[in-house]
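User: Let's go through this one label by label. I'd like to hear the reasoning behind each name, not just the name.

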Amino acid sequence: MLRIDSPGGSATASDAIWRELVITRDERHDRPLVVSMSDLAASGGYWMAMAAPYIVAQPGTLTGSIGVITGKMVTGGVYTKLGANIETVSQGKFAELASPARPFNDAERKKIESMIEETYDQFIEKAAQSRHMAPEKLDAIAQGRVWTGRQAKANGLVDELGGLDRAIIAAKLRAKIPAESDVEIVVYPPKRSVFDLIAKGFKAEQGGSSLLTMLVPPDERRALGVALSPLRLFHADETLALMPALFLK
């Protein structure tokens, strides 16, 4: 069961997740893959959902948005106003394609348009294959449009309307488990406990200091470090045994 609540993002990241889901789907045919859409499953969110043979969306889920957009923030004028000068040395026709110092030139703009069209064609091809539609029909309802879940079902972009409970029932039926049977729901990643949140707040990462410890004066910081050092021994869902009569988890 894949729960999606995403407005989209990087096409590369979405495609990497889609690929892993396809591998997961195909390595065991007796293990169904069902997508449950929450409030949002648009653009990159829908890209991920295409790996699932069965998609369940809420009637008001914002989904679809099968489209691609890109661009860059040009800040060169700001630096000029501040009296700063930017000089660049590059090799290659499109080496400065993403440079924020200036807008796209004509050649760069054509290159960007070509990249967008190529990514959009991939999106259409994968969506058409997933939804068993002709690419031309899929393209007619794509082009960056956003649909509600009810409209998406009418357009063939999702299979059923409902929440997570309906998606779980769909997964049961596809796994040949009676719909009324009780099953254990395991959530990934696990929810963090209050203990985990407190421990993480005081934990330094990559040799640096956490936000909470940075707000504490040096002497108190050292005292906190000594007092909280045992917390570094604890990890969720692991059995931990210290010396007898001291602690047992």
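User: Why is Arg174 called partly exposed?

Analyst: Its relative accessible area is 41%. Buried means under 20%, exposed means over 50%, and partly exposed is what lies in between (1.4 Å probe, protein chains only), so Arg174 lands in the middle class. One caution before we go on: this is a predicted model, where local features need pLDDT of at least 70, side-chain atom pairs count only at pLDDT 80 or more, and totals for chains, interfaces and linings use all residues. Residues are numbered from 1 along each chain as its sequence is written, and side-chain values use heavy atoms, with hydrogens and water left out.

User: What does Arg174 touch, leaving out residues up to four places away in sequence?

Analyst: Pro32, Val34, Pro53 and Tyr54. Contact here means heavy atoms within 4.5 Å. The C-alpha atoms of Arg174 and Leu33 are separated by 8.8 Å, though the two are 141 residues apart along the chain.

User: Arg174 is in helix α7. Which residues of that helix are buried, and what covers them?

Analyst: In α7 (residues 164-174), the buried ones are Ala167, Ile168, Ala170, Ala171 and Lys172. Their cover includes β2, β3 and β6. After the helix comes Lys176, with a positive phi near 60°. By the way, helices are DSSP runs of H or I with at least four residues, strands are runs of E with at least two, and both are numbered from the N terminus.

User: β6 is residues 160-161, with Glu160 in it. What makes Glu160 buried?

Analyst: Relative accessibility is 13%, which is under the buried limit, so Glu160 counts as buried. Apart from residues up to four places away in sequence, Glu160 touches Tyr54, Ile55, Val56, Ala57, Lys153, Arg166 and Ala170.

User: How do you know that Glu160 and Tyr54 make a polar contact?

Analyst: Their side chains come to 2.7 Å. A polar contact is a pair of N or O atoms within 3.5 Å; within protein, one must be able to donate a hydrogen and the other to accept it, and residues adjacent in sequence count only if both atoms are side-chain atoms. At 2.7 Å, the Glu160 and Tyr54 pair is inside that limit, so the name fits.

User: Tyr54 belongs to β3. Which residues show that both faces of that strand are covered?

Analyst: In β3 (residues 54-57), Tyr54 and Val56 sit on one side, Ile55 and Ala57 on the other, and all are buried.

User: What makes β2 and β3 a pair?

Analyst: Four bridges, in the parallel sense, with β2 running over residues 34-42. Pairing needs at least two bridges found by DSSP, so four is enough. Within that pairing, Ser36 stands opposite Val56. Ser38 is also in β2, and at 11% relative accessibility it counts as buried.

User: How do you know that the buried residues of α1 share a side?

Analyst: They are Ser14, Trp18, Leu21 and Val22. They cover an arc of only 105° around the axis, which puts them on the same side of α1; the arc is that of the directions from the helix axis to the C-beta atoms. On the other side, Thr12 and Glu27 are exposed. What covers the buried set includes β1 (2-6), α2 (44-49) and α4 (106-131).

User: Why is Ser10 called a cap for α1?

Analyst: A side-chain oxygen of Ser10 lies 3.2 Å from the backbone nitrogen of Thr12, at the N-terminal end of α1. That distance is within the polar-contact limit, so the oxygen-nitrogen pair qualifies. Asn105 does the capping for α4, with a side-chain oxygen 3.2 Å from the backbone nitrogen of Ala107.

User: What span would you expect for α4, and what does it reach?

Analyst: The expected span is 1.5 Å times one less than the number of residues. For the 26 residues of α4 that comes to 38 Å, and the helix reaches 37 Å from its first C-alpha to its last, which is close.

User: Last one: why is Glu117 in α4 called exposed?

Analyst: Its relative accessible area is 51%, just past the exposed limit, so exposed is the right word. Other residues of α4 are buried, including Ile112, Tyr120 and Phe123.
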